[in-house]
Amino acid sequence: MKLALIGAGQRGMIYSEYASKTVEIVAVVEPNDNRRKVAADQFGIPLEKQFQSVDEFYRLGKICDALIISSMDRDHYTQTMEALDLGYDILLEKPISPSPEECLRIQQKANEKGRKVIVCHVLRYTNFFAEIKKIIDSNELGKIITIQHNENVGNYHMAHSFVRGNWRNSDLASPIIMQKSCHDMDILAWLVDSDAKRISSYGDLTYFKEENAPANSADRCLDCKVAADCRFDARKAYLPIRGQWPATTISVDQTEEGLLKALETSPYGRCVYRSDNNVCDHQASIIEFKNGVTVTFNLSGFTNKMYRTLKIMCEHGEIRGDDSLNIIEVTRFTSNMSEQYEHTVIRPAAMNGGHNGGDTGLMIDFLDNLVNEDSNSRSSIDRSVESHIMAYAAERARVTGTVIDIDHLKEELQETLRDSRSITMQR
C-alpha cells in the first residue's frame with residue numbers, strides 16, 4: 001500500500017506519521033521548502049517525488065493507492081476533484097470545502113467514480129464520544145429532548161489560529177464555524193441521529209480588533225513597548241513551549257533564535273488587535289432537528305483551555321461530558337428533590353494520539369477502508385456533507401439575521417448544481 005501527502009503541515013504530518021507505520025509514503029507536495037524537506041527526510045521520499053505544486057505531482061498520473069489531502073481549505077476542491085479523476089481514494093482534511101456546492105460536487109464525483117473520500121471528522125473516533133453515543137442508543141434514558149454543547153476554543157488557540165494564523169480570514173480560508181465547528185455539527189447530527197431542520201445563529205468579531213489595542217502598542221510584538229503587559233505577546237505565546245504545538249507550526253527551527261526570527265516577519269508576530277482577521281471570536285447557534293431535538297451550540301474564543309463540554313437532556317435522565325477530563329456523568333431523574341438519585345461516572349478508555357485518540361482511530365479506519373472494499377467509513381463523504389451544510393447554514397443565518405430552513409437550502413444548492421451541469425453540457 002502506497003500513499004502520497006499533499007500539504008505537509010501539522011495535520012498532514014500527523015496522519016502521515018501514523019500511516020507510515022504500516023504503509024509507504026512515496027511522495028510529498030508542499031510549497032514550503034522547509035516543511036517539504038522535513039517530510040521527505042522523515043519518510044525517505046526521493047527528490048524526484050518531492051513537489052512544490054500539486055500540478056507537478058498530478059502530471060505523473062496515478063502513482064500510488066491513495067492521497068492524504070491536508071492543504072488549505074480553499075485548495076481542497078480542485079485538488080480533490082482532479083485526484084478523483086485520476087482514480088485516487090482520499091483522506092481529506094476538514095472542511096471538505098468552504099462552499100457547500102463544492103462539497104456536493106465532490107460527493108457526487110466520488111460516487112460516480114466509485115472512489116472513497118473519508119473526511120477527517122476525528123471526534124467520531126474518540127472513545128469519549130463513542131461512549132456517549134452508546135448510552136444514547138441504549139435508550140436507557142429515553143429519547144433526547146435537548147442538548148447544550150460548548151466548543152471552548154481557548155484564548156491562545158483563538159489568537160494563534162483565528163487571529164494571526166491560516167484561518168484568520170474567511171476570504172482566505174473559511175468562516176470559523178465551518179473551519180472549526182463542522183466537527184461539532186457532525187457530532188451533533190451523529191448523536192441526535194437526525195438531519196437538521198432549522199438553524200439560527202448569532203456572533204461577531206468583538207474583541208480582536210484595533211479599537212481594543214493597548215495605547216502605544218505596535219503592529220508587531222517584537223517592536224511593541226507595552227508587550228510586557230500583554231498576554232498575547234508572541235514571545236509569551238511561543239517561546240516557553242518550544243517543540244510543542246503551536247510553536248511547531250510557526251517554524252521548523254524550534255530554537256529560541258529560530259522562533260524569534262519567524263516572529264520578525266511571519267503573521268504569528270503580529271499584534272492580535274492589528275491583524276487582517278475577520279472571523280468571529282464567538283458565535284452561538286440554535287438548531288432544531290427533524291426528530292424534534294433542539295440544540296444550543298456555543299463557540300467561544302474566551303476560555304482558558306481548549307475542550308468541549310455538553311449536557312444531553314433526555315426523557316428520564318441527563319448526560320454531562322467534559323472531554324478534557326475524559327469524564328461522562330449519567331444521572332437518572334428522581335420523583336422529588338430529596339430522593340436519592342442514581343449517578344454514574346464513566347471514564348472511557350484512553351487512546352494514544354491527538355484529539356483524545358481520534359486521530360489514531362481515523363487513520364485505522366482509513367487504512368482499513370483502503371484494504372477492504374466493503375468497509376463503510378464512519379466519516380465517509382456521504383455522511384460528512386450534512387455537517388458542512390449545517391455549518392454553512394449557521395453562517396448564513398448569522399450574516400443575514402434570518403432562520404435558515406435546511407431543506408430549502410438543500411433545494412437551492414441542488415438547483416445551483418443542476419444549473420451548472422446544464423451550462424457545462426451546453427458548452
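Strand 7 and strand 11, residues 307-314, pair antiparallel over eight bridges. Within that pairing, N152 sits opposite Y307 of strand 11. Keep in mind that this is a predicted model.

Now the other side of strand 7. Strand 7 covers residues 144-152, and seven bridges join it to strand 10, residues 294-300. Those two strands run parallel. Here E151 faces L299 of strand 10.

Next, strand 10 and strand 9. Strand 9 is residues 282-289, and its pairing with strand 10 is antiparallel, again with seven bridges. I286 has T296 in strand 10 as its bridge partner. The two strands make a hairpin, with four residues between them. Look at G292 in that turn: its phi is positive, about 95°.

Put the sheet together. It is open, it has nine strands, and the order is 14-13-12-11-7-10-9-8-15. Pairing is mixed. Why is one side of strand 14 and of strand 15 left without a neighbour in the sheet? Strand 14 (343-346) and strand 15 (404-405) are the edges, and each has a single partner strand, so one side of each stays free of a neighbour in the sheet.

What packs on this sheet? Helix 9, residues 182-192, touches strand 7, strand 9, strand 10 and strand 11. Its direction makes about 160° with that of strand 7. Helix 14 lies across strand 8 (196-204), strand 9 and strand 15. Helix 14 runs at about 50° to strand 8.

Stay with helix 14 for a moment. It has 20 residues, 381-400. At 1.5 Å a residue it should span 28 Å, and its end C-alpha atoms are 28 Å apart, so the two agree. Just past the helix, G401 takes a positive phi of about 70°.

On to the core. The largest nonpolar core has 88 residues. F57, L67, I132, I287, F289 and I312 touch the most other members. Helix 14 supplies the largest share of this core, eight residues. Take I132. Beyond its neighbours within four places in sequence, I132 contacts L191, L310, I312 and I328. There is also a second, separate core of 25 residues, and L3, A8, M13 and Y15 are among its members. As general background, nonpolar side chains in soluble globular proteins tend to be buried together.

Now the other sheet. This one is open too, with six strands in the order 3-2-1-4-5-6 and parallel pairing. Its edges are strand 3 (50-51) and strand 6 (117-119), each pairing on one side only. Strand 2, residues 24-29, joins strand 3 through two bridges. V28 has Q50 as its bridge partner in strand 3. Helix 1, residues 10-19, lies across strand 1 (2-6), strand 2, strand 4 (66-69) and strand 5 (89-92). Helix 1 runs at about 165° to strand 1.

One helix pair to show you. Helix 4 (residues 76-86) and helix 5 (residues 100-113) pack with axes 10 Å apart, at about 10°. That angle is under 35 degrees, so the two helices count as roughly parallel. Helix 4 brings Y77, T80, M81, L84 and D85 to the contact. Helix 5 brings E102, R105, I106, K109, A110 and K113.

Last stop, Q107 in helix 5. Is Q107 buried or exposed? Buried, because its relative accessible area is 17%, and the cut-off for buried is under 20%. Leaving out residues up to four places away in sequence, Q107 touches I381, D382 and V385. The C-alpha atoms of Q107 and F297 are 27 Å apart, with 190 residues separating them along the chain.

Technical notes:
Residues are numbered from 1 along each chain as its sequence is written. This is a predicted model: local features need pLDDT of at least 70, side-chain atom pairs count only at pLDDT 80 or more; totals for chains, interfaces and linings use all residues. Side-chain values use heavy atoms; hydrogens and water are left out. The expected span of a helix is 1.5 Å times one less than its number of residues. A nonpolar core is a set of buried Ala, Val, Leu, Ile, Met, Phe, Trp, Tyr and Cys residues joined through side-chain atoms within 4.5 Å. Buried means under 20% relative accessible area, exposed over 50%, partly exposed in between (1.4 Å probe, protein chains only). Contact means heavy atoms within 4.5 Å. Two strands pair if DSSP finds at least two bridges between them. Axes are lines fitted to C-alpha atoms, for helices over the stretch in contact, and angles run from 0 to 180 degrees between N-to-C directions. Angles under 35 degrees count as roughly parallel, over 145 as roughly antiparallel, 65 to 115 as roughly perpendicular and the rest as oblique.
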